[in-house]
Amino acid sequence: MKKSRKLILGLIFDALGYVSFVFPLFDVVWAPLSAYLMTKMYKGKEGKVAAVVSFIEEALPFFDVIPTFSIMWLYTYVIKTEKSVVKT
């Protein structure tokens, strides 16, 4: 999956997390689904850790304001990339 597509999907998924402010029961469905989507978008150990964080963040009330998908995209394509450039 291209990084621009992951960014767009991440922004959409982060926005879906805000739905629970209007419909609190949405988190019952969205928390496990967001964790699943995170593992599909980001493979390996980082994807699994991000999925756990996403699940917890979405399941707990009032933590939905954290843009987990956007943070993971930044980590993967900005922070992690900068670290590999500095090492070489």
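This short talk looks at how two helices pack in a predicted model, at its nonpolar core, and at one loop residue.

Residues are numbered from 1 along each chain as its sequence is written, and side-chain values use heavy atoms, with hydrogens and water left out. Because the model is predicted, local features need pLDDT of at least 70 and side-chain atom pairs count only at pLDDT 80 or more, while totals for chains, interfaces and linings use all residues.

Let me begin with helix α2, residues 26-41, and helix α3, residues 44-59, whose axes come within 8 Å and cross at roughly 165°; helices here are DSSP runs of H or I with at least four residues, numbered from the N terminus, and axes are lines fitted to C-alpha atoms over the stretch in contact, with angles from 0 to 180 degrees between N-to-C directions. That angle makes α2 roughly antiparallel to α3, a label given to angles over 145 degrees. Among the residues that meet, D27, W30 and M38 are in α2, and G47, F55 and E58 are in α3.

Turning to the interior, the largest nonpolar core has 12 residues, including W30, M38, Y42, F69 and W73; such a core is a set of buried Ala, Val, Leu, Ile, Met, Phe, Trp, Tyr and Cys residues joined through side-chain atoms within 4.5 Å, where buried means under 20% relative accessible area, with a 1.4 Å probe and protein chains only. The helix that gives the most to this core is α2, with 5 residues.

Finally, F62 sits in the loop between α3 and α4, and its phi is near 70°, a positive value in a residue other than glycine. F62 is exposed, with a relative accessible area of 69%, where exposed means over 50%.

How values were computed:
Helix = DSSP H or I, 4+ residues; strand = E, 2+ residues; numbered from the N terminus. Parallel < 35°, antiparallel > 145°, perpendicular 65-115°, else oblique. Contact = heavy atoms within 4.5 Å.
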